[in-house]
Amino acid sequence: MTHSILISGASIAGNTAAFWLSRLGHDVTVVERAPEFRDGGQNIDVRGVGREVLRRMNLEQAALDHGTGEEGTTWVDEKGEVVAEFATDDIEGDGPTAEMEILRGDLARLLYEPAGERATFRFGETIERIDDDAESAIVTFSGGATERYDLVIVAEGVGSKTRDRVFPGENDPRWMDLTIAYFTIPRAPDDNRMWRWYNATCGRSISLRPDNHGTTRANLTIQKAPEGEQEWDAERQKAYLRDRFADAGWQAERVLRGMEDTQDFYFDVLRQVRMKRWSKGRVVLTGDAAWCATPLDGIGTTLAITGAYVLAGELHRGGDITSALQRYEATMRPMVEDGQGVPKIAPRLMHPRSRLGIHLLHGALDVASKPLVRDTAARLFAGQPKSPDLSAYPAFSQVME
Ligand SMILES: Cc1cc2nc3c(=O)[nH]c(=O)nc-3n(C[C@H](O)[C@H](O)[C@H](O)COP(=O)(O)OP(=O)(O)OC[C@H]3O[C@@H](n4cnc5c(N)ncnc54)[C@H](O)[C@@H]3O)c2cc1C
């Protein structure tokens, strides 16, 4: 049985769902708030079962070919001297840098292009209201039009407005006491192929990461309790970062200068989305909108790809929509709960407040990077949650005409 399906959000989860559902014969429309496809964003990892889903989409090799070329992670001191190093070549399996390390925009585009062959994309449009009359979901859009769908998939990311409207008060977020700004700056001659991580006092850090576009990806991170910064406009967020990082040392001056002219500023006050249910009537949540795990475990993109695929797979298995949504939830819950298990102390341990604390962290990382223990230590940085059984779901060969 085929359905008319509306997906809100054209990033990782939304495009994966659009790819599969449109190929499985459903009539799929995607609305995206941004006026055009968003290419921005920084390094994200795809691990384990997420790679299996990409393989089933025939996109695994393309994703590897679009890798950032990052060769590992180093912690550096104020002078840029390396104090600990985890090179990918020295580690068995994934460490802080995964083998599939790709920019969010590159991966989203790899998913979007084939999805766009069969699904209809409408940019600059949002859902204003959803009424469920049991027969269908009646959706009113920002432009005023009203349309009927069998199912609405909300893939709007961590701050999803549609989720908050359809499931008011049901998200019980877990704030991780970490604020991160991601943006692109010009590459400098001494930027190398490593992710360089610098800790400054007062729980601050600066990261510089290589990319495959001739630029450098910068992160500014502050470990502190949230104070609503995610609601500020970008200018206020930048002013706040200028103030907090002015005396941070190492390459702070260069990074702050680069932030002024950057084209892709993404600011996130890290919080996990915690929902007791992911569907209500004909509306279902997926990706970060349903269960954001935060970048701390490096598993958010893997969860988004896997969840969207499981959702499409369960709808494909047939039966009524309600049963399919229940099976989707039962299949994804264990992986999500595992992926959200990162202890709240982790950001604090990685962001000491004092010089002594930074000294102790560097000592611990130095020991952890030694040959005898580094495989075990690296795995602590690489999320490996329980994986769902995908054997009942379609492969690419089944959805090609
Ligand atoms: C521009 C951007 C940059 C990012 N950069 C990073 C990064 O550097 N590092 C990192 O770890 N993670 C980043 N992320 C988050 C990362 O992509 C997700 O954590 C993960 O991949 C899960 O993807 P998702 O599709 O569920 O959510 P997201 O990737 O957050 O995508 C949500 C999509 O929904 C759209 N949207 C939001 N609200 C509405 C609405 N009301 N109506 C219609 N559309 C809506 C958004 O514009 C976006 O395209 C970024 C996300 C975006 C959108």
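Modeller: Ala, Val, Leu, Ile, Met, Phe, Trp, Tyr, Cys and Pro count as nonpolar, Asp, Glu, Lys and Arg as charged, and the others, Gly among them, as polar. By that rule, the shell around the ligand in this predicted model holds 11 nonpolar, 14 polar and seven charged residues.

Colleague: What makes a residue part of the surroundings of the ligand, and which are the closest?

Modeller: The test is a C-beta atom, placed from the backbone, within 6 Å of the ligand. The ligand is surrounded by 32 residues, and Gly 9, Ser 11, Gln 42, Gly 157 and Gly 287 are the closest. Two or more residues of the shell come from each of helix H1 (12-23), strand S2 (27-32), helix H5 (161-166) and helix H9 (300-317).

Colleague: Why are strand S9 and S10 called paired?

Modeller: Pairing needs at least two bridges. Strand S9 (residues 137-141) and S10 have four, in the antiparallel sense, so they count as paired. One bridge links Ala 137 to Tyr 149 in S10.

Colleague: What makes S8 and S10 edge strands?

Modeller: Strand S8 (127-132) and strand S10 (146-149) each pair on one side only. The open sheet has the order S8-S9-S10, with a twist that averages 25° from one strand to the next.

Colleague: How do you know which residues Ala 18 touches?

Modeller: Contact needs C-beta atoms within 7 Å. Leaving out residues up to four places away in sequence, Ala 18 touches Ile 7, Val 28, Val 30, Ala 115 and Ala 119. Ala 18 and Ile 7 are among the residues that touch the most other members of the largest nonpolar core, which has 72 residues. H9 gives the largest share of this core, nine residues.

Key: Residues numbered from 1 in each chain as written. Predicted model: local features only at pLDDT ≥ 70, side-chain atom pairs only at ≥ 80, totals over all residues. Axes fitted to C-alpha atoms, helices over the stretch in contact; angles between N-to-C directions. Core = buried A, V, L, I, M, F, W, Y, C linked by C-beta atoms within 7 Å. Buried ≥ 20, exposed ≤ 12 C-beta atoms within 10 Å, placed from the backbone. Contact = placed C-beta atoms within 7 Å.
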